[in-house]
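Trainee: I am new to this structure and would like a close look at a single part of it. Could you take me through one loop, with enough of its surroundings that I can place it?

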Amino acid sequence: MTASRQVADRATPGHNGPNVDGVDELLRSMADDEFVIGFSDSEWTGIAPLLEEDIAISSLAQDELGHAQALYGLLADVTGAADADTLAYDREPAEYRHARLLDHGRGDWAMTIARRYLYETSDAVRLGALTTASWPPLADLVGKLVREERYHLMHVGLWLERLGTTSGEPRDRLLAALDTLGPDSGTVFTPLPGEPALLDAGILARPMAELERDWRAGVVATFETLRLPAPPPTRDPARGRTDHGVPFAWLHGEFTMVRRSDPGATW
Amino acid sequence: MVTEVAPEPTVETVRRALAEVLDPELPVLSVVDLGIVHSVDVDRHGIRVVILPTFVGCPALDVIRASIADRLAEFGLPVQVDTTFEVPWTSERISAAGRRALAAVGIAPPSEPEAVSCPFCASASVVMDSAFGPTQCRSLYYCRACRQPFEALKAV
């Protein structure tokens, strides 16, 4: 309590957050990740391969968008931005800081499962390093997120196994998807410029590079049992959360379309 | 003619009023039975209720907030409804009465996936069809004994 109170007391006047460099980067990267994967998943609503799966992926999308909303809410407190919606919808594509793992377009169902698997396992490791964050609003939210993400891991783990152990088209498509995601697989762990400050302040428990090693060890163990190739090293770690490319520019056009149609409207 | 007189606003009368506010997605449960009421504060300036979201992105939250404000309007004080994650809502917070009410409408009360039993015939011979049901907080199951599909609240 004492330690966290000290952090809170150093809050910038007018802003409601810890006065630690990099907190905004951390929240933005997490919120953008959840928002982009949530919106991508929501594209399956109505067209998923099975009705049961249509419900599941829609519910997953709703969870992720809800997580994004909560994280953007904290980011708004820290930066003084108007609200979560402003952060979610009123930026140019180049200002988003999600991992490039999420920049490959919706693709087929195998692509969705491959991307979800790599993302959910990464997110679980990242959340694990934030449960003891010295800023209580973040630690409290992370504690809640972890409880929900458990179901996401269960869901995507079953699908990975189903596709990976069914020879022919299911396995071939999964292999193709993993190949496409390839060097972007580990980009959730792209080091943040403010990382040293986050570590010093006790917000992030361990450096991203260490978290990435843990994540790779876990994924490789699962992939070996399914005879899937290990994710290759990140091609360009400095650009792991920038230069989002054409598929994201399209997605951005989609998710901002209604908002742009009547700026400032109350819905 | 009998005129209804609003009760004196106290923590106790406010809690009693909250026991009549139903969850919009599970309208057999009050917000009190659901265990989402974190705190109630009353003073002469107003009433403040803090609630715990069941799920971070629960879309029913705004409706719940509005229902609480509506129900408490009779006290004639400004009502503020806030949310917090300071204490995580967990499925253990659902009251015994709440669990019975859920079972009565065919929704298995929350327990770990391997401990769920059928709300219709009580058989433990059930399978989870999907962790994700019609709302964020529910999963889909099937009972092998009475051959009924049913829903269960997720244990979080």
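Mentor: What follows goes from the chain as a whole to one of its loops, and then to the partner chain.

This is a predicted model, in which local features need pLDDT of at least 70 and side-chain atom pairs count only at pLDDT 80 or more, while totals for chains, interfaces and linings use all residues. Residues are numbered from 1 along each chain as its sequence is written, and chains are lettered from A and ligands numbered from 1 in the order in which they are written.

Chain A holds ten helices and zero strands, where helices (H or I, at least four residues) and strands (E, at least two) are DSSP runs numbered from the N terminus. The C-alpha atoms of chain A fill a box of roughly 60 × 45 × 30 Å along the principal axes. Its radius of gyration, taken over C-alpha atoms, is 18 Å, which agrees with the value near 18 Å for a compact globule of 267 residues, the globule rule being 2.2 Å times the number of residues to the power 0.38. Of these 267 residues, 44% count as buried; a residue is buried if 20 or more other C-beta atoms, placed from the backbone, lie within 10 Å of its own, exposed if 12 or fewer, and partly exposed in between.

The part to look at closely is the loop between helix H9 (208–225) and helix H10 (245–261) of chain A, which is where Arg227(A) sits. Most residues other than glycine have a negative phi. Arg227(A), however, has a positive phi of about 55 degrees although it is not a glycine, and Arg227(A) counts as exposed because it has 10 C-beta neighbours inside 10 Å. Asp243(A) lies in the loop between H9 and H10 as well, and its phi, near 50 degrees, is likewise a positive value in a residue other than glycine. With 11 other C-beta atoms within 10 Å, Asp243(A) is therefore exposed.

To set this loop in its wider context, chain A also meets chain B, in a contact that takes 22 residues from chain A and 15 residues from chain B, two residues being in contact if their C-beta atoms, placed from the backbone, lie within 7 Å. On the side of chain B that touches chain A, the residues divide into eight nonpolar, four polar and three charged; here Ala, Val, Leu, Ile, Met, Phe, Trp, Tyr, Cys and Pro count as nonpolar, Asp, Glu, Lys and Arg as charged, and the others, Gly among them, as polar.
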